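Please go through the report below with the model open beside you. It moves from a helix to the whole chain, then to further elements.

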Amino acid sequence: MRVCVVGGGLAGSLLAWRLAARATDEVHLVLGEHRAGDATEASGGAVRGYEPLPAQSELAIESLLELLGSQVLQDWAGYRQAGFTYLRAAAGVPDELEALDRCLPGSVDVVPGPAMVAHGFAGLPAESTAIRERYAGYLSPDRLRHAVLHDLAGRPAATLLDGGASAVVAMADGSAGCTVAGRSRSYDALVLATGAWTPAVLHANGLPAQGYRTKSIQYTVYPVGAWVPPPFSDETTGLYGKPTGDGGLLLGYPTDEWGVPAGRPPVTPAIHERAAELARVRFPALRLGPA
């Protein structure tokens with residue numbers, strides 16, 4: 001097959017990388033014009049196997065197993081095995097842990113929320129549960145993206161194209177066409193891996209764009225004292241965080257801001273103030289420096 005992947009973020013790069021490894025495929029990757037400041041560059045890169053929804057947990061476990069099984073991917077991504085603590089708002093052991101324990105035996109501890117005081121957490125409700133993963137951690141999606149692009153550039157089946165794609169059209173015979181750098185091209189399949197720019201790309205090419213929305217995700221990075229919590233997600237408050245590679249701490253709190261312009265994220269001071277306030281309550285030993 002002759003395939004075009006539009007979008008040089010992590011999703012598009014990895015898809016093109018997998019396809020280019022198959023001798024039957026020729027792959028063109030259109031890198032796009034928005035790699036600086038895209039979601040791949042901004043992502044905190046937390047990695048864990050547990051997710052509350054079974055379908056998501058299945059994908060997360062599969063991804064974690066692939067990462068743990070490949071020293072190349074770990075090196076490319078700068079993977080740090082720092083564990084992960086997921087704080088559930090309900091007591092008891094969730095059914096979704098069965099698959100994770102089967103695939104990675106002994107990788108998970110389940111602790112009643114209030115007992116997490118022994119691990120530096122405080123104020124967790126009686127009806128809460130901490131799921132602690134040993135083999136989870138965090139990586140750099142942007143570093144992984146650049147490593148994949150470097151490897152792709154040396155593969156005979158892959159062609160990297162700068163710029164964006166226009167005149168995207170679906171043909172009656174099931175093929176697709178687009179124009180890249182002023183040249184019209186035809187493909188057996190065309191994938192739009194355009195992230196937050198997807199609605200604009202669809203609309204510009206006369207394709208249905210209903211149902212696609214962009215959401216603001218905001219976080220702050222702080223210098224911290226000697227004690228740093230592990231990567232965590234707190235379902236009881238919405239707070240999440242992870243250490244950074246330079247010894248700081250990334251903290252985030254959910255927003256309800258939808259329809260924000262791609263590439264021009266808003267800054268909402270109240271969100272960051274709330275995250276810092278919650279972190280100080282949840283982690284008494286935490287000392288946050290200036291944002």
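How many residues does helix H3 have, and how far does it reach from its first C-alpha to its last? Helix H3 (residues 54-68) has 15 residues and reaches 21 Å. That is close to the 21 Å expected at 1.5 Å a residue; the expected span is 1.5 Å times one less than the number of residues. Helices (H or I, at least four residues) and strands (E, at least two) are DSSP runs, numbered from the N terminus.

This is a predicted model: local features need pLDDT of at least 70, side-chain atom pairs count only at pLDDT 80 or more, and totals for chains, interfaces and linings use all residues. Residues are numbered from 1 along each chain as its sequence is written, and side-chain values use heavy atoms, leaving out hydrogens and water.

**Two helices**

Ser57, Ala60, Ile61, Leu64 and Leu67 are the buried residues of H3. Buried means under 20% relative accessible area, exposed over 50%, and partly exposed in between (1.4 Å probe, protein chains only). Seen down the axis of H3, the buried residues fall within an arc of 130°, so they line one face of the helix. The arc is that of the directions from the helix axis to the C-beta atoms. The face turned away from the buried side carries the exposed residues Ala55, Glu58, Leu59 and Glu62. Cover for the buried residues of H3 includes strand E3 (46-47), helix H4 (71-77), helix H5 (97-103) and strand E6 (129-133). Contact here means heavy atoms within 4.5 Å.

In H1, the buried residues are Gly12, Ser13, Ala16, Trp17, Leu19 and Ala20. They fall within an arc of 170° seen down the axis of H1, so they line one face of the helix. Their cover includes strand E1 (2-6), strand E2 (26-30), H4, helix H6 (141-153) and strand E8 (158-161).

Ser13 sits in helix H1 (residues 10-20). Its relative accessibility is 0%, so Ser13 counts as buried. Leaving aside neighbours within four places in sequence, Ser13 is in contact with Gly7, Gly8, Leu29, Arg145, Val148, Leu149 and Leu152.

**The whole chain**

The protein chain has eight helices and 16 strands. Of its 291 residues, 44% count as buried. The C-alpha trace spans about 60 × 40 × 35 Å along its principal axes. Among contacts between residues at least 6 apart in sequence, 68% join residues at least 24 apart.

**Strand pairs**

Two strands pair if DSSP finds at least two bridges between them. Two antiparallel pairs are tabulated here.

| Strand pair | Bridges | One bridged pair |
|---|---|---|
| E10 (residues 176-180) and E11 (residues 183-187) | Five bridges | Gly177 opposite Ser186 |
| E13 and E16 (residues 249-252) | Four bridges | Tyr222 with Leu249 |

Along strand E13 (residues 219-222) the side chains alternate. Thr220 and Tyr222 point to one face and are buried. Tyr219 and Val221 point to the other and are not.

E10 and E11 form a hairpin with two residues between them.

**Positive phi**

Which phi does Ala181 have, and is this residue buried or exposed? Ala181 has a positive phi of about 55° although it is not a glycine. Ala181 lies in the loop between E10 and E11. At 71% relative accessibility, Ala181 counts as exposed.

Ala167 also has a positive phi, of about 50°, although it is not a glycine. Ala167 is found in strand E9 (residues 165-170). Ala167 is partly exposed, with a relative accessible area of 47%.
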